[in-house]
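Have a look at the sequence and the 3D structure below. We'll walk through it together, one piece at a time.

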Number of protein chains: 2
Amino acid sequence: MTATPTPIDPKSMRLHNLALVLRTVADGDGVSRARIAAITGLNKTTVSSLVADLIDRGLVREAGITQRGGVGRPGVTVVLDGESFVALGLEINVDHMAFTAVDLLGRVRDEGFVRRDSRGRAAGDTLASLALLLRQALERLRNSGLRPVGAVLGLPGLVDPAQGLLLVAPNLGWHDVPVVAQLREALDEPDLDIRVENEANLGALAECWEGLGRSIDDFVYVSGYIGVGAGLIIGGKLHRGATGFGGEFGHMTLVADGPRCSCGSRGCVEALVGLEALLRRAGLEPDGPGRSTPTSATSPVTRLVEAAAAGEPRVVRALADVGAHLGAGFASAVNLVGCNAVVLGGYFASLHPWLREPIERELADRVLSSAWVPVEVGRSQLPGDAAVRGAALLSLRAMLDDPGRVTPVAPGARGDAG
Amino acid sequence: MTATPTPIDPKSMRLHNLALVLRTVADGDGVSRARIAAITGLNKTTVSSLVADLIDRGLVREAGITQRGGVGRPGVTVVLDGESFVALGLEINVDHMAFTAVDLLGRVRDEGFVRRDSRGRAAGDTLASLALLLRQALERLRNSGLRPVGAVLGLPGLVDPAQGLLLVAPNLGWHDVPVVAQLREALDEPDLDIRVENEANLGALAECWEGLGRSIDDFVYVSGYIGVGAGLIIGGKLHRGATGFGGEFGHMTLVADGPRCSCGSRGCVEALVGLEALLRRAGLEPDGPGRSTPTSATSPVTRLVEAAAAGEPRVVRALADVGAHLGAGFASAVNLVGCNAVVLGGYFASLHPWLREPIERELADRVLSSAWVPVEVGRSQLPGDAAVRGAALLSLRAMLDDPGRVTPVAPGARGDAG
């Protein structure tokens, strides 16, 4: 008997119930105090007291009157306060930087995107450029009366969120960078809660919260950009594992003595299904050595999709092969972890029409329980940049899950900056 | 925002704290009420009331007096009541049936083992034989004043614990057997809580609670018997996944077009490292087609160990090859799940001295984060039959985790049956 659960005292019970009420408000589209009481099982007096507390903290506000089906007294509805806080999502990838600011309602209140090739450049230079972009954004947000409370930076590499470190990002050529400390110094925002996360994990979180994750709780999310990133969602949560580096589906071994991978190993999923491997199989030239930009209109992915749609045999065959490799990898993941879905993100999402069937065939052949529990092969439902969206949402959720850490707003102080 | 947490009311708070106090008693080796209060953070009045409740239910009892280092008042210590309840672990495997009864202190109070080849026999016959064995044991236990509260049956196949079903056990030749209903009927014990579980999962749980799991919380446990079973422990708990069938490490794909596996797929871990594959590589004959009994003194595993210890080149080479295959499979598992240990159980435990090095080499080469977080290659620390022990412990834990479901014992009723 190892882990001893903590006792529950009145104070931690109140904080727990404060988060419970906040989540109930966030889940609803305008709920009355009576409805919150009915949903949570808390009594009405407690709900009223907790709602008042959340209003003081600037997290919820009263909205219009609702008449519940014409029966009973009308109640004032409570909604999240979209005019109070914003959380920032940041991203540095091989060929661009991006940020987005979302309010408590998840609405984008500011955003920016800069094409910038950071490969081989000093990490400090790139972080300073990002900080410059952000300082202007923070000023604009404050002028609108919004309080920025946190930021999450997504990076394409192994990160240590607890220490705020990037350990290694092979495609950027960075290693051992204290990114959080450097960004905090460049930004000069001591109160801003800054965190770092792997960009594929952030894509998986965005999918979890706003994509297929609304109906499924357990899946492997695979994102193709320059490398092959992935995130593992278990029980509706990102799974990091004891090492902190779980979810590396891209580096599961498919062929023990297969082609060399960027990670130094052989026969990894990434080495067999990554963009360069795919283009080589399809007989298409990459834009140049290591200079593919998958998102541009003239990108190799666009060419692949067009050629596949036109039925070009070599491209169709290459996609079938890549689908079979992905499917074998997914089958191993499903056998081990027992998830019942896999989700194709990044450029794999565009190729879903051609990848799905070979993936499904491998799953049926290789998953021990496939006769009893089918595995869904989904396509990411997120438009645009999933990682930066996921970064902003992660920062937001951290606050919503722990409303106790948000200090009450001084009366009359809100909006004064505008 | 999907899952809404449940609110906490005084009644559920009391049940939570009841379990907390029971766990504190179980973790300690005789603790006073004051010590329980100090450990849990609950106040002494609450602790006294909860302890009285647990005594009424027959779960704990007062033991001797303890003098805390000569300072302060002496206190009466509280311990688990080893004379009240027993939980049963049951196992049916290809060549034997077994049971064990353990009390709240984990002590074996009765046990039995019958060599019986169940391959190809009707499931109902085997379950009836097991029931016969058990009825005598239950009578003996009751005559000793012990109350049997539950049983868990381990089977070498895919099981659905919620429905009490065995879906398929290839090596037994069983499929679609309502094992819990059949055993309950044959036993005629309507009040006994009977469950079913995969035997490798039970081995993993036993390792988790009484073996290496006392120091590590996240590992893949691999057990070799006739097939290759496995269980995945995440955060100190058995991970089943959304399908309910997670942990099937033995059926992860190692070689896409490799040898045919008993599951119908190709190139699974089991097909490459299972006992028959290993013996073939080592140039040793199995006892007969499909009739190996790994536990006997003249078993092929014993011969393998002796030949390896004598340095026989072909056997040493076969073990290195099998270790490399296992290592590649473990590396994929670690990359995906982020566990920081793997544990060799079953006959792999006996072969640990020869398998460890090749496994470690593959982990270092193939795990992306291996430079930052090493992965431990452990050897199961459980003597004897891990599955049947795990079955009994699982049944016991279910009761300890939910003491509210144990009804108070009528005063004077205990021991009357004797």
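In what order do the 5 strands of the open sheet in chain B line up? Before we answer, keep in mind that this is a predicted model. The order is β14-β13-β12-β15-β16, and the pairing is mixed. As a bit of background, strands of a sheet pair through backbone hydrogen bonds, either parallel or antiparallel. At the edges of this chain B sheet you'll find β14 (237–238) and β16 (376–379), each of which pairs on one side only.

Let's zoom in on one of those edges. β14(B) pairs with β13(B), the strand made of residues 228–234, and the two are antiparallel, with 2 bridges between them. If you want a spot to click on, try Ile233(B): its bridge partner in β14(B) is Leu238(B). Now add a helix to the picture. Helix α6 of chain B, residues 199–210, packs on this sheet and touches β12 (219–224), β13, β14, β15 (341–346) and β16 of chain B. Compared with the direction of β13(B), the direction of α6(B) is off by about 45 degrees.

α6(B) has a helix partner too. It packs against α13(B), residues 386–401, at an angle of about 70 degrees, and the two axes are 7 Å apart. α6(B) and α13(B) are therefore roughly perpendicular to each other. Which residues make this contact? On the α6(B) side, they include Leu202(B), Leu205(B), Ala206(B) and Trp209(B), while α13(B) brings in residues including Ala387(B), Leu393(B), Leu394(B) and Arg397(B). Sorted by class, the contact of α6(B) with α13(B) has 9 nonpolar, 2 polar and 4 charged residues.

Another pair of helices in chain B is worth a look. The axes of α1(B), residues 10–27, and α3(B), residues 44–56, come within 10 Å and cross at roughly 75 degrees. That crossing makes α1(B) roughly perpendicular to α3(B). Where they meet, α1(B) offers Arg14(B), Asn17(B), Leu18(B), Val21(B) and Leu22(B), and α3(B) answers with Ser49(B), Leu50(B), Val51(B), Asp53(B) and Leu54(B). The class count for this contact of α1(B) with α3(B) is 6 nonpolar, 2 polar and 2 charged residues.

Time to hop over to chain A. Here, too, 5 strands form an open sheet with mixed pairing, and the order is β6-β5-β4-β7-β11. β6 (108–115) and β11 of chain A have just a single partner strand each, so one side of each has no neighbour in the sheet. On average, neighbouring strands in this sheet are turned by 15 degrees against each other, ignoring direction. β6(A) runs antiparallel to β5(A), residues 96–103, and 7 bridges join them. One example to find on screen is Ala98(A), whose bridge partner in β6(A) is Phe113(A).

Which helices lie across this chain A sheet? One is α5(A), residues 179–187, which lies across β4 (85–93), β7 (147–155) and β11 of chain A and runs at about 140 degrees to β11(A). Another is α13(A), residues 386–401, which lies across β4, β5, β6, β7 and β11 of chain A, at about 145 degrees to β4(A).

Finally, let's talk about the gaps. Rolling a probe the size of a water molecule over the atoms shows where empty space is left. How many cavities of 30 Å³ or more does a search of the whole structure find? There are 5. The largest cavity has a volume of about 290 Å³. It is lined by 23 residues, and the closest to its centre are Pro156(B), Gly157(B), Asn171(B), Val228(B) and Glu270(B). Two old friends turn up here: α6 and β13 of chain B each supply at least two lining residues. β13(B) gives the most to the lining of the largest cavity, with 3 residues. By class, that lining has 12 nonpolar, 8 polar and 3 charged residues.

The second largest cavity holds about 100 Å³ of space. Its lining has 13 residues, with Asn198(A), Asn201(A), Gly244(A), Phe245(A) and Gly246(A) nearest its centre. The elements that give two or more residues to this lining are β8 (158–160) and β11 (193–198) of chain A. Its class count is 5 nonpolar, 5 polar and 3 charged residues.

Conventions:
Residues numbered from 1 in each chain as written. Chains lettered and ligands numbered in written order. Predicted model: local features only at pLDDT ≥ 70, side-chain atom pairs only at ≥ 80, totals over all residues. Heavy atoms only, no water. Pairing = 2+ DSSP bridges. Helix = DSSP H or I, 4+ residues; strand = E, 2+ residues; numbered from the N terminus. Contact = heavy atoms within 4.5 Å. Axes fitted to C-alpha atoms, helices over the stretch in contact; angles between N-to-C directions. 1 Å grid on protein atoms, 1.4 Å probe; cavity = no way out; pocket = protein on both sides within 12 Å on 5 of 7 lines; lining within 4 Å. Points joined across faces, edges and corners; volume = space filled by probe spheres on them. Nonpolar A, V, L, I, M, F, W, Y, C, P; charged D, E, K, R; others polar. Parallel < 35°, antiparallel > 145°, perpendicular 65-115°, else oblique.
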